[in-house]
Amino acid sequence: MAATAAAFLEIDRCALFSLPLSLSPTSFLLPRRQLPGLRLFLPSRRFHPCRLSAALVPSSKAASKPDSHREDSLEGVEAVVVEPKGSQGRQLRKRVIFGLGIGLGAGGVVVAGGWVFTVALAAAVFAGAREYFELVRSRGIAAGMTPPPRYVSRVCSVICALMPILTLYFGHIDVSVTSSAFIVATALMLQRGNPRFAQLSSAVFGLFYCGYLPCFWVKLRCGLSVPALNTIVLGGQAHWTVGLVATLISISSIIAADTFAFLGGRAFGRTPLTNISPKKTLEGVFAGLTGCIVTAVLLSKILCWPRTLLSVLTLSVVISASAFGVLNFTGSLFGDLIESMIKRDAGVKDSGSLIPGHGGILDRCDSYVFTGALCYSFVKIVLPLLGV
C-alpha cells in the first residue's frame with residue numbers, strides 16, 4: 001500500500017476497517033495510526049453490496065522525500081462509500097411513497113380544520129421541538145456554547161405543543177408566548193451551577209421557532225372564517241372559508257416550489273446559491289419560484305381566490321395570487337436555509353429519522369415554519385388594502 005501519488009483500492013463490504021460506514025455516499029479520513037488491523041462496524045444488520053474506494057494521500061514528509069515508500073509516511077486514507085446503482089432508486093421510491101402519504105394525510109387534516117388540524121399541528125410541533133433541542137445539545141453546537149438542561153428542553157417542547165391549542169382556544173398567542181418565556185427564564189435562573197446566556201437564548205429561540213411561528217397556521221386556517229366559496233361540498237359555504245382556501249394554496253405552492261426546485265436544480269443547476277446549503281443553486285431557486293407562482297395562480301382560479309374591487313377592470317386577482325406565491329416561496333426558502341444552518345453547526349445531515357426517506361419533522365416542515373406568519377399577514381393586512 002505504499003505510494004507517493006494517490007492510489008485507489010476497491011474493497012468489498014465484508015472487509016475489516018475501524019470506522020463505521022453509513023449506507024449513504026460519504027467520505028471520511030482514516031488516520032494513519034488506525035490503518036493496521038482495522039475493523040468495520042456496520043450500523044445495520046442488513047448487508048447491501050457496496051464498494052469502498054480508498055485514495056492514499058501522501059503526507060508532507062513523504063512529499064518532501066519522493067523515494068520514501070514506507071507505509072507510515074501516509075497521512076491518511078480518504079475513503080468514499082459508493083452505493084450500488086439500484087439503491088438510489090429505492091431511496092427515491094421510498095421518499096416519493098412516504099411523501100405522497102404525508103401529503104394526502106396533511107390535506108385531509110387541513111380540510112377538516114378545527115381541533116383535528118390543531119391537534120395534528122401540536123403533535124408535529126412537539127416532535128419538531130424535540131428534534132431542535134437535540135440539535136442544540138449535539139456535539140457540534142454544544143462545543144461552542146452551553147445548551148439548556150434536559151428538563152428545560154422537555155418543558156419547552158411541551159409548551160411549544162400547547163401553543164397551537166391555546167391559539168385556537170383564545171384566538172391569540174401573545175400572552176402565552178410571553179408567559180412561556182418568563183417560565184423558561186425563571187427555570188434557568190434557578191438551576192444549580194452558573195446559568196449561561198447561551199442557555200437562555202437557545203431556549204427562547206426554540207419557543208419562537210418551534211412554538212410561536214407554527215401558531216400562525218392555526219390563525220390562518222381557523223381564524224379567517226369569512227366564506228370563500230358558494231358550494232354545498234364538505235360542509236358548504238361555512239366550511240370553505242378564506243382561511244381554508246389560503247392554507248390549501250399556500251401548502252400546495254410550497255410543495256410545488258420544493259418539487260420544481262429539486263428538478264430544476266438537478267437538470268440545470270450550475271451556480272451555487274449559498275454556502276449554508278451547497279446543493280442549492282440559483283437555477284433551482286428560479287425553477288422553484290416559477291412553479292410556486294404558477295401553482296398559486298392556478299389554484300386561485302380553481303378555489304376562487306378573494307377578488308378585489310378592481311378585478312373586473314384589471315388583472316388584480318392574478319397579481320395578488322402571484323404576490324402570494326412569491327411570499328410563499330420566500331418564506332419556504334428562508335425556513336429551509338435556517339434549518340440547514342442549524343444542522344450544519346450541529347454537524348448532522350438530518351434533524352432526525354422519524355420519516356423514512358425524509359429525515360425528521362424539521363427536515364420535512366422547515367419550509368412551513370416562517371411561511372404561516374407571512375401568509376397570515378398577507379391575507380389579514382395586504383388584501384384589505386387592495387380592496388378585498
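## The chain as a whole

This chain has 13 helices and 4 strands. Keep in mind as you explore that the model is predicted. Of the 388 residues in the chain, 41% are buried.

How does the chain meet itself? Take the contacts between residues at least 6 apart in sequence: 69% of these join residues at least 24 apart. You will meet some examples below, where residues from separate parts of the sequence come together in space.

## What the UniProt record adds

Which parts of the chain does UniProt label as "transmembrane region"? The unreviewed entry gives that feature to residues 96–129, 197–220, 240–263, 284–303 and 309–334. These labels come from the record, so it is helpful to look at what the model shows in two of the spans, bearing in mind that such annotations may be inferred rather than shown by experiment.

Over residues 240–263, the model is 92% helix and 0% strand, and 33 Å separates the C-alpha atoms at the two ends. Residues 284–303 are 95% helix and 0% strand, with end C-alpha atoms 28 Å apart.

## Helix 5 beside helix 6

Let's turn to a pair of helices. Helix 5 covers residues 150–170 and helix 6 covers residues 174–189; their axes come within 11 Å and cross at roughly 170 degrees. Angles over 145 degrees count as roughly antiparallel, and therefore helix 5 is roughly antiparallel to helix 6.

Which residues make this contact? Helix 5 brings Tyr151, Val152, Cys156, Ile159, Met163 and Leu166, while helix 6 brings Ser176, Val177, Ser180, Val184, Ala187 and Leu188. Sorted by character, the residues of this contact are 10 nonpolar, 2 polar and no charged.

## A closer look at Tyr151

Tyr151 sits in helix 5. Is Tyr151 buried or partly exposed? Its relative accessible area is 41%. Buried means under 20% and exposed means over 50%, so Tyr151 counts as partly exposed.

Setting aside neighbours within four places in sequence, Tyr151 is in contact with Ala187 and Gln191. Tyr151 and Ala187 are 36 residues apart along the chain, and 9.3 Å separates their C-alpha atoms.

## Helix 5 beside helix 8

Helix 5 has another partner in helix 8: these two pack at an angle of about 30 degrees, and their axes are 8 Å apart. Angles under 35 degrees count as roughly parallel, which means that helix 5 and helix 8 are roughly parallel to each other. The crossing of helix 5 and helix 8 is right-handed.

At this meeting place, Met163, Pro164, Thr167 and Leu168 of helix 5 touch Cys215, Val218, Lys219 and Cys222 of helix 8. The contact of helix 5 with helix 8 includes 6 nonpolar residues, 1 polar and 1 charged. You may recognise Met163, which is also listed in the contact of helix 5 with helix 6.

## Helix 8 beside helix 13

Follow helix 8 (residues 215–223) to helix 13 (residues 371–385): the two pack at an angle of about 35 degrees, with 7 Å between their axes. What is the handedness of the crossing of helix 8 and helix 13? That crossing is left-handed.

On the helix 8 side of the contact are Phe216, Trp217, Lys219 and Leu220, which meet Thr371, Gly372, Ala373, Cys375, Tyr376 and Val379 of helix 13. These residues divide into 7 nonpolar, 2 polar and 1 charged. Lys219 is worth finding in the structure, as it is also listed in the contact of helix 8 with helix 5.

## Three more residues to find

Two alanines make good landmarks. Ala112 belongs to helix 2 (residues 85–112), and with a relative accessible area of 40% it is partly exposed. Ala112 and Leu244 are 132 residues apart in sequence, yet their C-alpha atoms are 9.4 Å apart in space. Ala123 lies in helix 3 (residues 114–136) and is partly exposed, with a relative accessible area of 48%. Between the C-alpha atoms of Ala123 and Leu162 there are 9.4 Å, although these residues are 39 apart in sequence.

Finally, look for Ser340 in helix 11 (residues 316–346). Its relative accessibility is 12%, so Ser340 counts as buried. Apart from neighbours within four places in sequence, Ser340 is in contact with Ile276 and Ser277.

Conventions
Residues numbered from 1 in each chain as written. Predicted model: local features only at pLDDT ≥ 70, side-chain atom pairs only at ≥ 80, totals over all residues. Heavy atoms only, no water. Buried < 20%, exposed > 50% of the residue type's maximum accessible area, 1.4 Å probe, protein only. Axes fitted to C-alpha atoms, helices over the stretch in contact; angles between N-to-C directions. Parallel < 35°, antiparallel > 145°, perpendicular 65-115°, else oblique. Contact = heavy atoms within 4.5 Å. Nonpolar A, V, L, I, M, F, W, Y, C, P; charged D, E, K, R; others polar. Left-handed = near helix turned anticlockwise from the far one by under 90°.
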